[in-house]
Amino acid sequence: MPLGLEYPMHSRSSPCIVAAHNLRQYSLGRKRIVLERKSSEPDFSHLDRIDLIGGNGRWRQKRAEDEFARRAVEEEKRLREQQEAEEKRRQRKLEIKARKRRQQEEEERRREEERERQRLEHVRFEELKQIEQEKERMRKEMEEKEFQARQPKPCVVCSASGKCIGCSGSGTNSTLFLAAMVDRYNNKGYGRRMQGCDGCFGFKQNMMAELKKGTGRCPNCDGWGKIRPDIDVTSPGGRTKRNSISQATTGFFSS
């Protein structure tokens, strides 16, 4: 069988075929495994203080001195590394504590800002509340003034009595008619005669006409003793006219 037909997938110079014959060398070359290094120096870790004081010979004493010196250097290095690690842990704790303190200070500052914001909001709310209360008080005062202004006022003509001041409410006044000559034959009605009061729509009929009595009521308030205020019908709130005339010629129920 030809060579090309025996290996249809790979050629003769494929690196996979070469690597398959020496996998350990291939893995070492690709640094897939760590090469075990054989120590060329002898191990003297088993030496103890008896060797150090020369109990097992001069040669072992010399090796023990070197070994104990190496151990001292390693112990010093270990202690130094331990101290550095302790210092790092201490610094780390200090940093954590400082960070916690900063976080607490930040939280306290935020809480203080929140309290200040709530206080300002409360003050602003109270100010707005006072403003609203003042507006409500002024509105009620204005309504009270408008109500009082729309109430009937005492008539200043009759002093709220409702009677005509010309006849004191009787509707008549007495008038004295004098004759030019007094005798027994003169019977035309001279003397004191009752006349209608023209102040309350009566009529002075003199001597010959019939008595035309007045109403006896005050013509300014029509006998009610009060005057209705003049309301401005064009005003949205029906305000009282400031220049209204209290002594109106109409009665209380007159339009």
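Colleague: Let's start with Gln195: is it buried or exposed?
Modeller: Keep in mind that this is a predicted model. Gln195 sits in strand E3, which covers residues 191–196. Buried means under 20% relative accessible area, and Gln195 has 1%, so it counts as buried.

Colleague: Okay, and which residues is Gln195 in contact with, leaving aside its neighbours within four places in sequence?
Modeller: Some of them come before Gln195 in the numbering, including Gly171, Thr172, Asn173, Thr175 and Phe177. The rest of the list is Phe203, Lys204, Gln205, Asn206, Met207 and Leu211.

Colleague: Zooming out, what pattern does the protein chain follow along the sequence?
Modeller: The secondary structure comes to five helices and four strands. Reading along the sequence, you get α-α-α-α-α-β-β-β-β.

Colleague: How much of the protein chain is buried?
Modeller: The chain has 255 residues, and it exposes about 21800 Å², with carbon and sulfur atoms supplying 53% of that. As for buried residues, their share is 15%.

Colleague: Now helix H5: how far apart are its end C-alpha atoms, and what span should we expect?
Modeller: H5 runs over residues 58–150, which is 93 residues. At 1.5 Å a residue it should span 138 Å, and that agrees with the distance between its end C-alpha atoms, 135 Å.

Colleague: Which residues are buried in H5?
Modeller: Remember the cut-off: buried means under 20% relative accessible area. In H5, the buried residues are Gln61, Ala64, Glu67, Phe68 and Ala98.

Colleague: Which residue forms a salt bridge with Glu113?
Modeller: Side chains of opposite charge can pair when their charged atoms come close. Glu113 and its partner are four residues apart in H5, so about one helical turn separates them. The closest N and O atoms are 2.5 Å apart, and the partner is Arg109.

Colleague: Which residues are linked with that pair in a network of salt bridges?
Modeller: The whole structure has 22 salt bridges. Glu113 and Arg109 belong to a network, and the other residues linked in it are Glu106, Glu107 and Arg110.

Colleague: How far apart are N and O in the salt bridge of Arg117 and Glu114?
Modeller: These two are three residues apart in H5, so they too are separated by about one helical turn. Arg117 is partly exposed at 41% relative accessibility, and so is Glu114 at 33%. From N to O, their side chains meet at 2.4 Å.

Colleague: Switching to cysteines, why is there no bond between the sulfurs of Cys200 and Cys167?
Modeller: A disulfide is a covalent bond between the sulfur atoms of two cysteines. For a pair to count here, the sulfur atoms must be within 2.5 Å. The closest cysteine sulfur to that of Cys200 is in Cys167, and it is too far for a bond because the distance is 3.7 Å.

Colleague: How many disulfides does a search of the whole structure find, then?
Modeller: Take Cys158, which is in no disulfide: the nearest cysteine sulfur, that of Cys221, is 3.6 Å away. The cut-off is 2.5 Å. Across the whole structure, the number found is zero.

Colleague: Last one: where does Cys221 lie?
Modeller: Cys221 is buried, at 0% relative accessibility. Its C-alpha atom is 10.0 Å from that of Lys153, 68 residues apart along the chain. In terms of secondary structure, Cys221 lies in the loop between E3 and strand E4.

Terms used:
Residues are numbered from 1 along each chain as its sequence is written. This is a predicted model: local features need pLDDT of at least 70, side-chain atom pairs count only at pLDDT 80 or more; totals for chains, interfaces and linings use all residues. Side-chain values use heavy atoms; hydrogens and water are left out. Buried means under 20% relative accessible area, exposed over 50%, partly exposed in between (1.4 Å probe, protein chains only). Accessible areas come from the Shrake-Rupley method with a 1.4 Å probe; for residues, only the protein chains shown count as cover. Contact means heavy atoms within 4.5 Å. The expected span of a helix is 1.5 Å times one less than its number of residues. A salt bridge is a side-chain nitrogen of Lys or Arg within 4 Å of a carboxyl oxygen of Asp or Glu.
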